[in-house]
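Trainee: Could you take me through one small part of this model slowly, and then show me how the parts around it are connected? I would like to follow each step on the structure myself.

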Amino acid sequence: MNRFEYVNPEFFWLLLLLPLLVVWYIWKRHRQTASLSISSLKGFKTSKNWLSKLRPFLFVLRLLALAAIIVALARPRTVDESTRIKTTKGIDIVMAIDVSASMLARDLRPSRLEALKTVAARFINARPNDRIGLVEYAGESYTKTPLTSDKSIVLSSLKSLRYNTVIDPGTAIGMGLATAVNRLKESRAKSKVIILLTDGVNNTGFIDPKIASELAVEFGIKVYTIGLGTNGMAQSPIGIRPDGSFQYGSIQVEIDEELLKEIAATTGGQYFRATSTTKLNEIYDEINKLEKTDIEEFKYTNYEEKFRPLVLLALVLLGLEFLLRFTIFRSFI
């Protein structure tokens, strides 16, 4: 960013001398002008000389030179500032997201999964200096996106998350957590974090969630768990129609909060309950505050001095005055 400034603006007070010099010059010129009174000019041959009228031009040149010197003393310059940000202690984050059929429930609009994707995208955009990865799980789990600092890849993968019949049905919390741990175990980041989100209970998978949480502790990984869903009943998929669309019905919301609390406590994280999109936003904001990335900012400042052309201008004006004074105007001085 460029800006213009004067290093010594107090020198501008010297400009007040210029009007005083003009008054002094007029007074001095008036006193030095001789006068002769005669009754008539008849008999005298008169001629008009334009050089005498231009004589004050020499004083103007000197004033302009003095003004240029004063401005030069104020040291005008341009300042170009640029910054470079360096992440000194980054954080690696893996978001383990439940994509089971129950995530299509409509207690969050338009659905739990779509509401989550919107909020998670905002969270990702708020972490420009961290590496983020995605794990999706239902009855089994796999890595959607490995750890990367390219947020466009993460956001694109997040946007493509949806329920599908390729993944086995059910909710394998232990496997989702274990897969996320596997993505972080080799990380050398200052802080390693898993955000585990589910809307159900662990009902399938061959890895126990408690074993997975112990693995997280072994590798120094902190787990924040989020239970997603309203209290009571929710409109959830209960079947598939012949045309492939879901049939919805009211189902009791069941979230194994005790398990999620235990995972968070074991790993040094926290458990949150998101009963609405607004609450989910607040939870991600809270996690964003809890996990701060150390940033080091380098500022580079480039100064370009502008007084030199003014000094050269003053020298040229003084030189021109000197030349005219001892050549063209010599007979009038």
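Mentor: Start with aspartate 130, which in this predicted model has a relative accessible area of 2% and therefore counts as buried, the cut-off for that word being under 20%. Aspartate 130 sits in the loop between helix H4 and strand S4, the strand that covers residues 131-137. Its side chain meets the side chain of arginine 127 in a salt bridge, with 2.8 Å from N to O, and arginine 127 is itself buried, at a relative accessible area of 3%. The side chain of aspartate 130 also reaches the backbone nitrogen of isoleucine 91, at 3.1 Å.

Now look at the helix on one side of that loop. H4 runs over residues 112-125, and its 14 residues reach 20 Å from the first C-alpha to the last, which is close to the 20 Å expected at 1.5 Å a residue. This helix is mostly covered, since ten of its 14 residues are buried; among them are Leu113, Leu116, Val119, Ala120, Phe123 and Ile124, but Arg112 and Lys117 are also on the list. When you trace the helix on the screen, keep in mind that an α-helix has 3.6 residues a turn, so residues three or four places apart point the same way.

On the other side of the loop is strand S4, where another charged pair can be found. Aspartate 92 forms a salt bridge with arginine 131, and the closest N and O atoms of the two are 2.7 Å apart. This pair links distant parts of the chain, because aspartate 92 belongs to strand S3 (residues 91-98) while arginine 131 belongs to S4, 39 residues apart. The two partners differ in their cover: aspartate 92 is buried, with a relative accessible area of 4%, whereas arginine 131, at 35% relative accessibility, counts as partly exposed.

These pairs belong to a wider set, for a search of the whole structure finds 17 salt bridges. One of them joins the side chains of arginine 77 and glutamate 5, at 2.7 Å from N to O, and it too links distant parts of the chain, with arginine 77 in strand S2 (residues 76-89) and glutamate 5 in strand S1 (residues 2-6), 72 residues apart. Both arginine 77 and glutamate 5 are buried.

For a contrast with these charged pairs, turn to the nonpolar surface patch of about 860 Å², whose members include Leu14, Leu21, Trp24, Trp27, Leu66 and Leu318. Helix H1 (17-32) and helix H3 (56-73) each supply at least two residues of this patch, and H1 gives the most, with five. Leucine 21 is found in H1, and its relative accessibility of 31% makes it partly exposed. The unreviewed UniProt entry carries the annotation "transmembrane region" for residues 6-27, 54-74 and 310-328. In the model, residues 6-27 are 50% helix and 5% strand, with end C-alpha atoms 34 Å apart, while residues 310-328 are 84% helix and 0% strand, with end C-alpha atoms 26 Å apart.

Key
Residues numbered from 1 in each chain as written. Predicted model: local features only at pLDDT ≥ 70, side-chain atom pairs only at ≥ 80, totals over all residues. Heavy atoms only, no water. Helix = DSSP H or I, 4+ residues; strand = E, 2+ residues; numbered from the N terminus. Expected span 1.5 Å × (residues − 1). Buried < 20%, exposed > 50% of the residue type's maximum accessible area, 1.4 Å probe, protein only. UniProt positions renumbered as here; feature names shortened; annotations may be inferred. Polar contact = N/O pair within 3.5 Å; in protein donor to acceptor, adjacent residues only side chain to side chain. Patch = residues over 30% accessible without salt bridge, like charges linked within 9 Å, V, L, I, M, F, W, Y side chains within 5 Å. Areas by Shrake-Rupley, 256 points an atom, 1.4 Å probe, with all protein chains shown as cover. Salt bridge = Lys/Arg side-chain N within 4 Å of Asp/Glu carboxyl O.
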